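Student: Could you walk me through this one? I'd like to begin with the ligand and then ask about the cysteines.

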Amino acid sequence: MGFPKGFLWGGATAANQCEGAYLADGKGLNTADVMTAGDAKTQREITAGVVEGKNYPSHVAIDHYGRFQEDIALFAEMGFKCYRMSINWARIFPQGDEEAPNEAGLRHYDEVFDACRKYGIEPLVTISHYETPLGLQKYGSWEDRRVVDFYLRYCETIFTRYKGKVKYWLTFNEINCMSMMPWMAGGISQEADEQTRMTAAYHQFLASAKAVQLAHEIDAENKVGMMYGGMFSYPNSCDPEDVQANEDFMHKMLFYCDVQCRGYYPAYKRKEFERRGITLPEKEGDAEILRDGKVDFLSFSYYFTLVCGKNSQALAIDCGSMNTGYTNPYLPQTSWGWSIDPKGLRHVLNLFYDRYQIPLMVVENGLGALDTLEEDKSVHDPYRIEYLREHIKEMKKAIEIDGIPLMGYTPWGCIDIVSAGTGEMKKRYGFIYVDADDACKGSLERYRKDSFYWYQKVIASNGEDLE
Ligand code: BGP
């Protein structure tokens with residue numbers, strides 16, 4: 001019983017949140033590079049280009065670009081079987097629309113993947129993780145169908161270059177965030193209307209479906225997944241109106257999974273578009289592309305659950321947090337107001353498996369918290385161990401009791417990195433502490449937290465030893 005042999009225990013990062021070196025070796029600007037740091041009460045600012053004197057966390061981050069050998073050695077010390085990371089698109093195509101790739105960028109990731117494989121760590125590569133090249137703004141980014149072809153040129157380049165080194169891919173990070181954070185999700189204005197956001201999402205679905213087929217053609221070993229940003233809610237009461245309102249909220253999110261796992265737009269979404277006068281830029285042959293480009297597995301992030309009801313607020317992420325107007329009185333919250341709901345993870349695994357009957361992977365989970373670096377450079381984070389332990393217990397039940405085919409688990413921010421939602425370093429997730437403040441200033445030295453040693457035991461025992 002327990003976790004299957006070969007379960008992909010590991011950890012996750014994203015290039016724009018850890019690499020830094022934002023202009024090194026020919027890299028172009030991406031959407032993250034013009035987002036300033038904010039905090040739990042101050043929205044990150046999106047500037048037109050880089051403005052002198054403002055704090056852009058992606059520019060230095062934790063210098064994973066220069067320190068990846070040391071970092072991957074630490075991941076290997078924990079016993080990682082898998083490292084989820086992203087390729088920074090603008091390192092490979094600096095403007096996004098070049099004919100030829102940037103060799104220096106390709107060489108960097110050759111070295112990263114060689115380092116992983118040296119330790120027997122499987123890379124799990126997010127092709128686009130909130131890092132759309134800023135150069136694509138000249139086309140209106142994902143609103144323009146030509147960006148589909150630029151994305152596929154990028155995919156063909158990396159699928160071919162890293163054939164034999166990488167076989168697990170994710171097409172877009174949290175693709176459903178196009179509805180709440182279009183700038184991060186695809187370089188679409190935060191003020192864009194629903195028609196624009198749905199047009200951009202449509203093009204990303206096409207791109208994802210074509211990438212799945214291309215990946216299989218280039219290497220039959222390739223497994224390509226989608227990645228859903230964990231928006232899961234419970235109805236505020238058994239009042240049928242609350243139940244319906246919750247269903248409506250979940251439909252707004254789950255349709256992203258329906259399209260990529262079933263291969264077509266669900267009827268409830270088509271009807272909504274009719275009511276709202278939203279039209280999709282569908283062309284001859286598109287339906288077959290979506291049908292033939294279904295993903296091999298579904299991956300998702302899971303941090304919290306929400307509550308929705310008949311008086312829910314509009315769908316909106318505010319300073320990195322989703323506020324529906326309701327909170328769950330049965331659940332504690334983190335310092336950033338995210339509910340802590342381990343049992344919800346088993347519920348969600350069953351929701352997805354019941355809906356799609358394909359393998360699943362939890363590629364983000366973790367506790368963002370204020371950690372303290374002690375005089376002796378130790379970090380005591382029992383709260384993080386507790387959070388992860390309880391979620392791992394629920395994954396185990398999903399496997400043992402519900403028969404869910406769970407592929408792996410890559411907790412988020414396996415090393416302290418920049419928060420996407422707030423741009424802070426102080427919201428720490430890592431098993432490894434990084435000496436950097438919110439301006440990414442500090443020694444950048446790495447220190448093992450107590451959770452580092454705990455997770456090492458979890459992996460060594462294949463999830464049996466959780467104490
Ligand atoms: C998800 C992103 C990750 C990561 C995570 C944690 O939305 O996929 O990039 O940032 O959220 O959120 P935050 O960093 O805002 O605490």
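Tutor: To fix the term beforehand, a residue is near a molecule if one of its heavy atoms lies within 4 Å of it. This is a predicted model, where local features need pLDDT of at least 70, side-chain atom pairs count only at pLDDT 80 or more, and totals for chains, interfaces and linings use all residues. Residues are numbered from 1 along each chain as its sequence is written, and side-chain values use heavy atoms, with hydrogens and water left out.

Student: OK, which residues come nearest to the ligand?

Tutor: Gln17, Glu174, Glu364, Gly421 and Tyr429 do, out of the 14 residues around the ligand.

Student: And which polar side-chain atoms lie close to an oxygen atom of the ligand, and at what distance?

Tutor: Counting N or O pairs within 3.5 Å as polar contacts, His129 has a polar side-chain atom 2.9 Å from a ligand oxygen, and Lys427 has one at 2.8 Å. For Asn173, a side-chain N or O atom is 3.0 Å from an oxygen of the ligand.

Student: How much of the ligand does the protein bury?

Tutor: The protein buries 94% of the 380 Å² that the ligand exposes when taken alone, with areas from the Shrake-Rupley method and a 1.4 Å probe.

Student: Switching topic, how many disulfides are there?

Tutor: The structure holds 0 disulfides, a disulfide being a pair of cysteine sulfur atoms within 2.5 Å.

Student: Why is there no bond between Cys261 and Cys257?

Tutor: Because the sulfur of Cys261 is 5.8 Å from that of Cys257, its closest cysteine sulfur, the two are too far apart for a bond.

Student: What about Cys414?

Tutor: Cys414 is in no disulfide either, and its nearest cysteine sulfur, in Cys18, is 8.4 Å away. Cys414 counts as buried at 0% relative accessibility, where buried means under 20% relative accessible area, with a 1.4 Å probe and protein chains only.

How values were computed:
Polar contact = N/O pair within 3.5 Å; in protein donor to acceptor, adjacent residues only side chain to side chain. Buried < 20%, exposed > 50% of the residue type's maximum accessible area, 1.4 Å probe, protein only.
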